[in-house]
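Please look through the sequence and the model below before reading on. The paragraphs that follow go from one residue pair to the sheet around it, and then to the rest of the chain.

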Amino acid sequence: MPKKAPRLDLDFSPARRNAPLGWLLLVAGLGAATLAAVQFQSAQASRMALEVELNSASGRVVGPSGEGRRAGPPLDPRVSKAANQVARELQVPWAELLAALEAVPTPEVALLGVEPSAQRKVVRITAEAKNSVAMLDYLDALQARKFSDVWLASHAIQTQTPGTPVRFIVQLKWSGR
């Protein structure tokens, strides 16, 4: 009879190690994690306090969903009206208007000021002409452009200026947007 092979005892699980160094590292890791959690909570609380202070200083209230809304009474109607006026002024096609004014031939007329009113779509032009004929020619040239209702608001001969030019103010309506 053949000889029996000796039985092998294979144990793939590591031997239990209950070394004190392992337990010490576990306790130190748990302590560090607890300390980090406490510091995080403290930083979160101070951030929230700063956010509430900032929002109260800027007049905003933060709701439970985190979105901000304006605190206090609604805007004054005068402020709202002024804001709407500024918005209308910004929507005026200034480049078009100025290009149309520059396209008017003005060999004997010098423009001194252009004051547009977006609300009324009226432009007030202050100018000087060499003489009254040049002034009237300029008025005719403005009427030939895209301007309508061109009228002479005032005029005065500058007797104290050399050449006695005519200073005049023209108002005209323009078709903005």
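Arg-167 has a relative accessible area of 37% and is therefore partly exposed. The terms rest on relative accessible area with a 1.4 Å probe and protein chains only: buried means under 20%, exposed means over 50%, and partly exposed lies in between. Arg-167 forms a salt bridge with Glu-128, and the closest N and O atoms are 2.7 Å apart. A salt bridge here is a side-chain nitrogen of Lys or Arg within 4 Å of a carboxyl oxygen of Asp or Glu. Because Glu-128 lies in strand β4 and Arg-167 in strand β6, the pair ties together parts that are 39 residues apart in sequence. Glu-128 itself is buried, with a relative accessible area of 18%.

Two points on the source apply throughout. This is a predicted model, in which local features need pLDDT of at least 70 and side-chain atom pairs count only at pLDDT 80 or more, while totals for chains, interfaces and linings use all residues. Residues are numbered from 1 along each chain as its sequence is written, and side-chain values use heavy atoms, with hydrogens and water left out.

How do β4 and β6 fit together? Strand β4 (residues 122-129) pairs with strand β6 (residues 166-174) in the antiparallel sense, over eight bridges. Strands, like helices, are DSSP runs numbered from the N terminus: helices are H or I with at least four residues, and strands are E with at least two. Two strands count as paired if DSSP finds at least two bridges between them. Along β4, Val-122 has Lys-173 of β6 as its bridge partner, Ile-125 has Val-170, and Glu-128 stands opposite Arg-167.

Both strands are well covered. In β4, seven of the eight residues are buried. In β6, seven of the nine residues are buried, so this strand is largely enclosed by the rest of the structure. One residue of β6 is Gln-171, which is buried with a relative accessible area of 17%. Leaving aside residues up to four places away in sequence, Gln-171 touches Val-122, Val-123, Arg-124, Asp-149, Val-150, Trp-151 and Ala-153. Contact means heavy atoms within 4.5 Å.

Now take the sheet as a whole. Four strands form an open sheet in the order β3-β4-β6-β5, with antiparallel pairing. β3 (109-117) and β5 (147-157) are at the edges with a single partner strand each, so one side of each has no neighbour in the sheet. On average, neighbouring strands of this sheet are turned by 20° against each other, direction ignored. Helix α4 (residues 132-144) packs on the sheet and touches β3, β4, β5 and β6; its direction makes about 165° with that of β5. For these angles, axes are lines fitted to C-alpha atoms, for helices over the stretch in contact, and the values run from 0 to 180 degrees between N-to-C directions.

At one edge, β3 is joined to β4 by eight bridges, and the two run antiparallel. Gly-113 has Thr-126 in β4 as its bridge partner. β3 and β4 form a hairpin with four residues between them, and Lys-121 in the turn has a positive phi of about 55°. At the other edge, eight bridges join β5 to β6, again antiparallel. There, Ile-157 has Val-166 of β6 as its bridge partner.

Away from the sheet is another salt bridge, between Arg-47 and Glu-51, with the closest N and O atoms 3.0 Å apart. The two residues are four apart in helix α1, so about one helical turn separates them. Arg-47 is partly exposed at 42% relative accessible area, and Glu-51 is partly exposed at 30%. The count of salt bridges comes to two.

Before α1 (20-57) comes the segment that holds Leu-8. Leu-8 counts as exposed because its relative accessibility is 70%. Leu-8, Leu-10 and Phe-12 make a nonpolar surface patch of about 450 Å². Patches are made of residues with over 30% relative accessible area and no salt bridge, with like charges joined within 9 Å and nonpolar side chains (Val, Leu, Ile, Met, Phe, Trp, Tyr) within 5 Å. Accessible areas come from the Shrake-Rupley method with a 1.4 Å probe; for residues, only the protein chains shown count as cover.

Over the whole protein chain there are four helices and six strands, in the pattern α-β-β-α-α-β-β-α-β-β along the sequence. Of its 177 residues, 19% count as buried.
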